[in-house]
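Biologist: Could we go through this model together? I should like to begin with its pockets and then turn to the charged side chains.

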Amino acid sequence: SLSIESEDAITVHKVAEGGEAPHGAAKFTKITITPDKYMVNVPITREMIEDSQFAVIQINAEAVGYALAKNEDSYIESVLSAGAGNTVSLTGGTLGYSDITEGMRYLEANGFTPSVMVIAPSLAEDIRNIDSFVEADKAGVTDPSKRLIGRIFGMNVIVSDNLTADTGYIIDPDHAFVIAEKRPITLEKVNDFFRDMQHVVASQRFGAAVLKANAICKLA
């Protein structure tokens, strides 16, 4: 369980000279996050190790770790999608200049700071086709070694191929959501002497939940 502060919980009162200050205190809401467990077992025979020209255990361990990380990203997107307090509808699935500013406005109108925008590759392409973001004199980018899509209106822009096509999110990461990680991605090598093989067993336990819906705007 996790207690989060409610929005606008404290009321400020006007008092007369010498008047007593009215009481006030932050209010909290309890949310419960139930971590889920994810596992995968990759069996590798001794013959595979002996006959392969590659480090099969290392290659499989890296692949399993990457798969778990992608699964975590997809899980977080499902939480953001279901819990977003605002949505900007993209015309024809295309992200425009005004769509970004509208999404930022939703957060700012609720007292949040839009500082991160996560977008699918298809929306990144849309941004790269907007003159204002690719012309250095307009974007304010003077160092050509830096990616022009790196920051927009003060927001860090992250391109993720784990997002659904033509989808993105503008968030205030300090208030948008929380991840409860009970077990980080863990890789273990288990010897199976009876079958003359080894297993790469990967596991992870985590959960996520939205903290404040109005700190998230979905672009879709």
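Modeller: Certainly. Please keep in mind that this is a predicted model. The largest pocket has a volume of about 220 Å³.

Biologist: Which residues line the largest pocket?

Modeller: The lining consists of Asp73, Ile76, Glu77, Leu80, Val118, Ser160, Asn162, Leu163, Tyr169, Ile171, Phe177 and Ile179.

Biologist: And which element gives the most to that lining?

Modeller: Helix α2 does, with four residues. At least two lining residues come from each of α2, β8 and β9.

Biologist: Let us stay with α2. How far apart are its end C-alpha atoms?

Modeller: They are 41 Å apart. At 1.5 Å a residue, the 28 residues of α2 should span 40 Å, so the two values agree.

Biologist: Which residues of α2 are buried?

Modeller: The buried set is Val56, Ala61, Val64, Gly65, Leu68, Glu72, Tyr75, Ile76, Glu77, Val79, Leu80 and Gly83. Among them, Ile76, Glu77 and Leu80 also appear in the lining of the largest pocket.

Biologist: What covers those buried residues?

Modeller: The cover includes strands β3 (36-45), β8, β9, β10 and β11 (216-219), together with helix α1.

Biologist: Changing topic: how many salt bridges are there?

Modeller: The count comes to four. One of them joins aspartate 161 to lysine 70, with 3.7 Å between the closest N and O atoms. Aspartate 161 sits in the loop between β7 (155-159) and β8 (168-171) and lysine 70 in helix α2 (residues 56-83), so this pair ties together parts that are 91 residues apart in sequence.

Biologist: How exposed are aspartate 161 and lysine 70?

Modeller: Aspartate 161 is exposed, with a relative accessible area of 54%. Lysine 70 counts as partly exposed, at 26% relative accessibility.

Biologist: Which residues are linked in a network of salt bridges?

Modeller: Arg46, Glu50 and Asp196 are linked in this way. Arginine 46 pairs with glutamate 50, the closest N and O atoms being 3.4 Å apart. These two residues are four places apart in helix α1 (residues 46-51), so about one helical turn separates them.

Biologist: And where does aspartate 196 come in?

Modeller: The side chain of aspartate 196 meets that of arginine 46 in a salt bridge of 3.6 Å, N to O. Aspartate 196 is in the loop between β9 (177-192) and β10 (197-210), whereas arginine 46 is in α1, so the pair ties together parts that are 150 residues apart in sequence.

Biologist: Are the members of the network buried or exposed?

Modeller: Glutamate 50 counts as exposed, at 52% relative accessibility. Arginine 46 is partly exposed at 47%, and aspartate 196 is partly exposed at 34%.

Biologist: One last residue. What about aspartate 99?

Modeller: Aspartate 99 is buried yet has no salt bridge. The nearest side chain of opposite charge is arginine 105, 9.8 Å away. A salt bridge requires the nitrogen and oxygen to be within 4 Å, so that distance does not qualify.

Biologist: Where does aspartate 99 lie, and what does it touch?

Modeller: Aspartate 99 lies in helix α3 (residues 97-109). Leaving out residues up to four places away in sequence, aspartate 99 touches Val88, Ser89, Leu90, Thr94 and Leu219.

Note on methods: Residues numbered from 1 in each chain as written. Predicted model: local features only at pLDDT ≥ 70, side-chain atom pairs only at ≥ 80, totals over all residues. Heavy atoms only, no water. Buried < 20%, exposed > 50% of the residue type's maximum accessible area, 1.4 Å probe, protein only. Lys, Arg positive; Asp, Glu negative; His and termini not counted. Contact = heavy atoms within 4.5 Å. Expected span 1.5 Å × (residues − 1). 1 Å grid on protein atoms, 1.4 Å probe; cavity = no way out; pocket = protein on both sides within 12 Å on 5 of 7 lines; lining within 4 Å. Points joined across faces, edges and corners; volume = space filled by probe spheres on them.
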